[in-house]
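Visitor: I am new to reading protein models, and I would like a close look at a single part of this one. Could you take me slowly through how the helices there pack, and then outward to the neighbouring features?

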Amino acid sequence: MFFGACRSAHEKVLKSTDVNYKLTKANEYYDQKKWYKASAVYETLMPAFRGTKNYEQLYYRYCYAFYYQGDYLSASYQFKNFIENFPKSPLADECEFMHATCLFKMSQKFSLDQTSTYKAMEALQTYISMHPGSKNLTEANNYIEIGRAKIEMKDANSAKLYFNIGQYKAATVAYKSLLENYPDSKSLDLYHFMIMKSFYKYASASVLAKQEERFSEAVSAYKELESITPKSSYLSEAEKYYTSAQNNIKKLRNEHK
């Protein structure tokens, strides 16, 4: 009976033709954190308050009502609309940041599609360039770093998959792309090691005519690993592949004498 009465009261508000009463109730819902009810009433008030002094604050709360419900798709759309409707508002900076934040919130785990992550990072980069003095810059940059780490993890997982299924040539290409795309990564030594290991495996699985060239690629990759990350924990294991690659090269050359 209690919940039925609450629902009936809410429906009464929605059906009311007294816009000032409805605005008061919508704000009450909002202050009480009844986000769904607030958003529903705010939506019915849009046509009546458009162009009035109350419209900006109404729309601002309307955006946040979706955000606090966890409906980031609707919230991102409404925050973007706020900026378009009130480009000179003192709240525009905040709403632009919140639009990007909603896109970030929609970003899925690294193993899934990262379209939202790319969109969020693009929106955040635009925000940073357009608002260099904003108080939100630290948080915006943090979101970008998290997004980059997630995309890197997805790319690294793809490279690892190529290696695990024996697609060693594709693995070398994928790990080289990781080095190019993430030059500041904490996993640079792993990527160098996996390039060397992939070349070694690729050479071992190749026809004799191609083995010397590919073992040489493994040797070069080892030297690069040693040069760039001399304290890498992967060096001791990499040295075993390096020694084996050199021995195979010597053996192949002796066979061709």
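**A close look at helix packing**

Guide: Helix 6 passes helix 8 in a left-handed crossing, and that is a good place to start, with the reminder that the model is predicted. Two packed helices are described by the angle between their axes and the distance between the axes. For helix 6 and helix 8 (residues 137-164), the angle is about 25° and the axes are 11 Å apart. Since angles under 35 degrees count as roughly parallel, that makes helix 6 roughly parallel to helix 8. If you look for the side chains involved, you will find F97, T101 and F104 on helix 6, which meet E139, A140, Y143, I146 and G147 on helix 8.

Helix 6 has another partner to look at, namely helix 5. Helix 5 covers residues 72-85 and helix 6 covers residues 92-105, and the two pack with their axes 8 Å apart at an angle of about 155°. Because angles over 145 degrees count as roughly antiparallel, helix 5 and helix 6 are roughly antiparallel to each other. Their crossing, too, is left-handed. The residues of helix 5 that take part are Y72, A75, S76, F79, K80, F82 and I83, and they meet A92, C95, E96, M98, H99, C102, L103 and K105 in helix 6.

We can now carry the way of reading a helix pair over to helix 9 and helix 10. The axes of helix 9 (residues 168-181) and helix 10 come within 9 Å and cross at roughly 160°, which makes helix 9 roughly antiparallel to helix 10. The crossing of these helices is left-handed. On the side of helix 9 the contact is made by Y168, K169, A171, T172, Y175, K176, L178 and L179, while helix 10 contributes L188, Y191, H192, M194, I195, S198, F199, K201 and Y202.

One residue of that contact, I195, deserves a pause. I195 belongs to helix 10 and is buried, with a relative accessible area of 5%. Leaving aside residues up to four places away in sequence, I195 touches T172, Y175, K176, L179 and A221. By contrast, N141 is 54 residues apart from I195 along the chain, and the C-alpha atoms of the two are separated by 31 Å.

Helix 10 also takes part in aromatic pairs, of which the structure holds 27. The rings of F193 and Y234 have centres 5.3 Å apart and planes at 15°, so this pair is stacked. The pair links distant parts of the chain, because F193 sits in helix 10 (residues 188-204) and Y234 in the loop between helix 11 (208-228) and helix 12 (235-255), 41 residues apart. F193 is buried, at a relative accessible area of 3%, whereas Y234 is partly exposed, at 26%.

The rings of Y200 and F215 give another arrangement: their centres are 5.4 Å apart and their planes stand at 65°, so the pair is edge-to-face. Y200 lies in helix 10 and F215 in helix 11, so the pair ties together parts that are 15 residues apart in sequence. Y200 is buried at a relative accessible area of 13%, and F215 also counts as buried, at 2%.

To finish, let us turn to the earlier part of the chain. In helix 2 you will find T24, which is partly exposed, with a relative accessible area of 42%. The C-alpha atoms of T24 and V41 are separated by 10.0 Å, with their positions 17 residues apart along the chain. K25 lies over the face of Y29, at 5.9 Å from the ring centre.

K33 is found in the loop between helix 2 (19-31) and helix 3 (35-49). Most residues other than glycine have a negative phi. K33, however, has a positive phi of about 65° although it is not a glycine, and K33 is exposed, with a relative accessible area of 60%. R61, in helix 4 (residues 55-69), counts as buried at 18% relative accessibility. Not counting residues up to four places away in sequence, R61 touches N27, Y30, D31 and Y42.

Note on methods: Residues numbered from 1 in each chain as written. Predicted model: local features only at pLDDT ≥ 70, side-chain atom pairs only at ≥ 80, totals over all residues. Heavy atoms only, no water. Phe/Tyr/Trp six-rings, centres within 6.5 Å; stacked < 30°, edge-to-face > 60°. Helix = DSSP H or I, 4+ residues; strand = E, 2+ residues; numbered from the N terminus. Buried < 20%, exposed > 50% of the residue type's maximum accessible area, 1.4 Å probe, protein only. Lys NZ or Arg CZ within 6 Å of the ring centre and 35° of its normal. Axes fitted to C-alpha atoms, helices over the stretch in contact; angles between N-to-C directions. Parallel < 35°, antiparallel > 145°, perpendicular 65-115°, else oblique. Left-handed = near helix turned anticlockwise from the far one by under 90°. Contact = heavy atoms within 4.5 Å.
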